[in-house]
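Open the structure in your viewer and keep the selection tool at hand. The tour goes stop by stop.

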Amino acid sequence: MGERVWLREVGPRDGLQNEPGVIATEIKVELVERLMDAGVRFIEVSSFVHPKWIPQLADADEVFARIRRRPGVELSALVPNERGLARALAAKVDAVHVFMSASESHNLKNINKTIADTYPVLRPVIEGAKAEGLVVRGYVSTVFGCPYEGKVPVSQVLSVVERLFELGVDEVALGDTIGVAVPTQVAEVVREVERIVPLDRVSLHFHDTRGMAIANMYAGFAAGVRRFDGSIGGLGGCPYAPGASGNVAMEDVLYLFNGMDVETGIEAERYLDVVAWLESKLNKPLASHARQVARSACQA
Ligand code: HMG
Ligand code: MG
């Protein structure tokens, strides 16, 4: 048996939360359905956060209600608190993603709480989701650097990871929120995290602000990680992290793993058709390498 990776699409959430305008609900629904058709099995659809904080995703409830579900596809959403969990349960999410940061300042800006005050808020969310039999993932943001504090000590990352597992998450996702990591740092952080949790419970979430995301993903793969996030067209960014830009483009991730003969379960050609479709809906060129290659091939 060859190698395989588990890829989670975060474009509908991380991608669209950072678009300047609000995208129509029917486009969001069609995007998720097209991604499922291309073989994507893990999709982060939206966020049940406060609509004033992220107006782009204020229609999360409606998006979930309108998606025609497929068996074997996990649809997830960000959930910051019990109010969000009630909405997420009503929407019948398959997985709940709680989130916090490894640095105090970003945690405060993003969710209006200190790190210490966040755990009591997340505890009932995690317990409530587990009681419903849902998968729970815990994002840790600013793992590789914070827009307000600079480099974040690995000890801070480990402390948050450890606490999230104590609270009951099934997995953690380590986020390079502002795209500052380099491959040696990724290898070091993965090695440290592996001391406290097996790597099949760890995923990596890279933003590509400085063009390092694919190199970082490879470093994570070489260190033993098999779960990665990507975003269609390289869309994404956190509105509460100045300087954050898009996630690594899923179509470039597919090129990487297909080229390495690593199974992804996603059909790259069909996925690229979804990228072209989304480009037409957003009325702007999407900046991934794979999309640029496809566009120039059409023109040749
Ligand atoms: P707050 O103002 O401190 O909330 O915001 P609160 O608990 O004090 O409640 C204030 C009011 O909001 C109340 O209403 C609540 O009911 C309501 P009132 O009683 O005054 O009428 N409220 C809600 N309404 C709807 N849905 C809810 C909800 N919660 C409270 N869920 C809060 C705290 C966490 C809610 C806010 O700060 C927030 O929504 N933040 C979200 C920020 C965000 O989404 N950031 C982007 C995602 S993170 C990211 O992108 C990083 C990631 O990609 C990984 C990486 O790249 O590293 C994941
Ligand atoms: Mg992100």
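Is Asp261 buried or exposed? Asp261 is exposed, because 8 other C-beta atoms lie within 10 Å and a count of 12 or fewer is what makes a residue exposed. Bear in mind that this is a predicted model.

**Stop 1: two loop residues**

Stay on Asp261. It sits in the loop between H10 and H11. Check its backbone: phi is positive, about 60°, although Asp261 is not a glycine. The residue comes just after H10.

Now select Asn283. Its place is in the loop between H11 and H12. Here too phi is positive, near 60°, in a residue other than glycine. Asn283 is exposed, with 7 other C-beta atoms within 10 Å.

**Stop 2: helix H10**

Select helix H10, residues 250-259. Colour its buried residues: Met250, Glu251, Val253, Leu254, Leu256 and Phe257. What do they pack against? Show strand E1 (6-9), H9, E8, helix H11 (268-282) and helix H12 (289-299), and you have the partners.

**Stop 3: helix H9**

Move to H9, residues 213-222. Its buried residues are Ala213, Asn216, Met217, Ala219, Gly220 and Phe221. They pack against E6, H8, strand E7 (202-206), strand E8 (227-230) and helix H10. Then select Gly224, which follows H9. Its phi is positive, near 115°.

**Stop 4: where H8 meets H9**

Add helix H8, residues 183-194, to the view. Two packed helices are described by the angle between their axes and the distance between the axes. The axes of H8 and H9 come within 8 Å and cross at roughly 35°. The crossing is right-handed.

Show the side chains at this contact. From H8, pick Pro183, Val186, Ala187 and Val190. From H9, pick Ala215, Asn216, Ala219 and Gly220. Which kinds of residue make up the contact of H8 with H9? Six are nonpolar, two are polar and none is charged.

**Stop 5: Gly175 in strand E6**

Select strand E6, residues 171-176, and find Gly175 in it. Why does Gly175 count as buried? It has 27 C-beta neighbours inside 10 Å, and 20 or more is the mark of a buried residue.

Next, show what Gly175 touches beyond its neighbours up to four places away in sequence: Tyr139, Val140, Ser141, Val143 and His205. Then draw a distance to His207. The C-alpha atoms of Gly175 and His207 are separated by 7.9 Å, with their positions 32 residues apart along the chain.

**Stop 6: around ligand 1**

Gly175 leads on to ligand 1. Among the 25 residues around ligand 1, the nearest are Val49, Gly84, Ser141, Gly175 and Thr177. Which elements each supply at least two residues of the shell? Select helix H1 (11-17), helix H4 (82-90), helix H5 (104-111) and strand E5 (135-141). Colour the shell by residue kind: 11 are nonpolar, 12 are polar and two are charged.

**Stop 7: one residue in H4, one in H5**

In helix H4, select Arg87. Arg87 is partly exposed, with 18 other C-beta atoms within 10 Å. Beyond residues up to four places away in sequence, Arg87 touches Phe48 and Asp61. Draw a distance to Ala60 as well. It is 27 residues from Arg87 along the chain, and their C-alpha atoms are 8.9 Å apart.

In helix H5, select Ile111. Ile111 counts as buried, with 24 C-beta neighbours inside 10 Å. It touches Pro80, Met100 and Thr118, leaving aside residues up to four places away in sequence. Now find Tyr240, 129 residues from Ile111 along the chain. The C-alpha atoms of Ile111 and Tyr240 are separated by 9.1 Å.

**Last stop: the annotated span**

Finally, select residues 5-272. UniProt places the feature "domain: Pyruvate carboxyltransferase" there, in an unreviewed entry. How much of the span is helix, and how much is strand? Helix makes up 42% and strand 16%. Mark both ends of the span: their C-alpha atoms lie 19 Å apart.

Notes:
Residues numbered from 1 in each chain as written. Chains lettered and ligands numbered in written order. Predicted model: local features only at pLDDT ≥ 70, side-chain atom pairs only at ≥ 80, totals over all residues. Helix = DSSP H or I, 4+ residues; strand = E, 2+ residues; numbered from the N terminus. Contact = placed C-beta atoms within 7 Å. Axes fitted to C-alpha atoms, helices over the stretch in contact; angles between N-to-C directions. Left-handed = near helix turned anticlockwise from the far one by under 90°. Nonpolar A, V, L, I, M, F, W, Y, C, P; charged D, E, K, R; others polar. UniProt positions renumbered as here; feature names shortened; annotations may be inferred. Near = placed C-beta within 6 Å.
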